[in-house]
Amino acid sequence: MAAWSSPPSLRHLLMLRPCLPLSPTCLAGSLRRHIHSRCRLFSSAASSSTLTHGDIASTHGDADGVVEVNPPRGTRDFPPEDMRLRTWLFDQFREVSRLMAFEEVDFPVLESEALFIRKAGEEITQQLYNFEDKGGRRVVLRPEITPSLARLVIKQGKSVSLPLKWFTIGQCWRYERMTRGRRREHYQWNMDIFGVPKAEAELLHAIVLLFQRLGITSSDVGIRVSSRKVLQAVLNMYSIPDHLFTQVCVIVDKLGKMTREEIEKELVSTGLSSEAVQGIIDVLSIKSLSKLEEVLGSDVEAVADLKKLFSFAEQYGYADWICFDASVVRGLAYYTGIVFEAFDREGKLRAICGGGRYDRLLSTFGSEDIPACGFGFGDAVIVELLKEKGLLPDMSRQIDDIVFPLDEELEGPASSIASSLRKKGRSVELVEDKRLKWVFKHAERINASRLILVGNSEWERGMVRVKVLSTREEFEVKTSELE
């Protein structure tokens, strides 16, 4: 193998002209050319080795130290206007969780890789941001939240009493192909219940409550519901071994993303007969609970579970939001029973949220199983839907007061006024060293409610001048009575 030709080091550059001293300018130029050469060599080596994602160019500045200002591909900055929207949405998540009497928890975004590596062919295991830390441990930026939740439940052990009703809002990371409403990072609202065998109706109620608070109706969004037990019943009909169940779930979850022929081919590759594959596809095309009962029989557990859930939906008052769809199986291996996902009825967006029952997750981590179910609700798709429906709230900046001293010697008194108002719970911006014309324009830009002017003549009388910007009303008020 031919050796690379190394560029000269800085020491070599200095030795080439021992009799000619280098000025600072020459030295800087030589150093810059040396670094530039090294960067080209590194870039050449990197492009021919293992860096294949095509994102490396966006992570480096040029040789003059100019930094790439865009965030890594698939991630987001949150400037103030976007942060206001995010905060508003998270407040909606938290308020619904409060109404449902859930407690908030949180976990580190960095987790052990073993928590998310499963051998079921799940797509998520191929999308991990995983690496070895400086201590030699395999770690991952969590791609979803449920395993972290399960870990915390196991850690808490008998120190907590069941049932547990927990929620969290956390960031998740997946290296996946980006589409509308799908990025490589997103925030996700999770609600989970441990210790209740039949709690899906409560979770669906929480989802519907959120939609209603956001102004979304059942004509905008629906929730498809099915059960993993439906597929299990079909496999039993064809005497398919239990160990193939999870693998089949992962494959049929791709319905709608792959052609029917491709799905059938993958199912056959697992060892299923053509007759069994046809039977699976036929059952998964059923959209009516009564039709499912005709095919599987009324004594099948999946049918009984689903009928009970739809009965609860009538009692809760959200029956018009949900529909049966046997093709819903969800792609994660740990689901065991009822599964569901919300969708926009116009079909323009990917799933808005999804979840289900996972009664046997804890045992995969070496603990005793507890009945559990939950859902994940991302921030990206719902914002796209709100944009589509014209339901995004006005996220303009709004503050209560601007305090402005008309003279430099009044900056101290103005600070005192601002401090007093803040202690009373008002949001206050203290503006100094600006012209009055600029202050008025600034007040309009940030939607300030009042402008409080601290002037010499007023201050000598213990007063300030207040201008209510919405009505243009103007008056003087004693500083002790300013609210």
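Two residues are in contact when they have heavy atoms within 4.5 Å of each other. With that in hand, here is a quick tour of this predicted model. In the chain, 66% of the contacts with a separation of 6 or more link residues 24 or more positions apart. The chain has 483 residues, and 44% of them count as buried.

**The chain as a whole**

- The secondary structure comes to 15 helices and 16 strands.
- The accessible surface is about 25,900 Å², and carbon and sulfur atoms account for 51% of that area.
- If you are setting up bonding terms, note that the structure holds 0 disulfides.
- Two of the cysteines show different settings: Cys-172 is buried because its relative accessibility is 0%, under the 20% cut-off, whereas Cys-323 is partly exposed, with a relative accessible area of 28%.

**Helix 3 against helix 5**

- Helix 3 covers residues 80–99, and helix 5 covers residues 200–213.
- The axes of these two helices come within 10 Å and cross at roughly 135°.
- That angle makes helix 3 oblique to helix 5, because an angle has to be over 145 degrees to count as roughly antiparallel.
- The crossing of helix 3 and helix 5 is right-handed.
- On the helix 3 side, the residues that meet helix 5 are Gln-92, Phe-93, Glu-95, Val-96 and Leu-99.
- Helix 5 contributes Ala-206, Leu-209, Leu-210 and Arg-213 to this meeting.
- As background, an α-helix has 3.6 residues a turn, so residues three or four places apart point the same way.

**A closer look at Gln-92**

- Gln-92 lies in helix 3 and is one of the residues that meet helix 5.
- Is Gln-92 buried or exposed? Gln-92 counts as buried, because its relative accessibility of 11% falls under the 20% cut-off.
- Setting aside residues up to four places away in sequence, Gln-92 touches Leu-210, Arg-213 and Leu-214.
- Of these partners, Leu-210 and Arg-213 belong to the helix 5 side of the helix pair.

**Helix 7 and its surroundings**

- Helix 7 runs over residues 245–252 and is mostly covered, with 6 of its 8 residues buried.
- Those buried residues are Phe-245, Val-248, Cys-249, Val-250, Ile-251 and Val-252.
- Which helices do the buried residues of helix 7 pack against? They pack against helix 6 (228–237), helix 8 (260–269) and helix 9 (274–284).

**Helix 6 against helix 9**

- Two of the helix 7 partners, helix 6 and helix 9, also form a pair, with axes that come within 10 Å and cross at roughly 150°.
- Helix 6 and helix 9 are therefore roughly antiparallel to each other, since angles over 145 degrees count as such.
- The crossing of helix 6 and helix 9 is right-handed.
- The contact involves Val-230, Leu-231, Val-234 and Leu-235 from helix 6, together with Gly-279, Ile-280 and Val-283 from helix 9.

**Ala-418 in helix 13**

- Ala-418 sits in helix 13, which spans residues 411–423.
- Ala-418 is buried, with a relative accessible area of 0%.
- Beyond its neighbours within four places in sequence, Ala-418 is in contact with Val-403, Val-428 and Leu-430.
- For one of these partners, Val-428, the separation from Ala-418 is 10 residues in sequence and 6.2 Å in space, C-alpha to C-alpha.

Terms used:
Residues numbered from 1 in each chain as written. Predicted model: local features only at pLDDT ≥ 70, side-chain atom pairs only at ≥ 80, totals over all residues. Heavy atoms only, no water. Helix = DSSP H or I, 4+ residues; strand = E, 2+ residues; numbered from the N terminus. Buried < 20%, exposed > 50% of the residue type's maximum accessible area, 1.4 Å probe, protein only. Areas by Shrake-Rupley, 256 points an atom, 1.4 Å probe, with all protein chains shown as cover. Disulfide = S-S within 2.5 Å. Axes fitted to C-alpha atoms, helices over the stretch in contact; angles between N-to-C directions. Parallel < 35°, antiparallel > 145°, perpendicular 65-115°, else oblique. Left-handed = near helix turned anticlockwise from the far one by under 90°.
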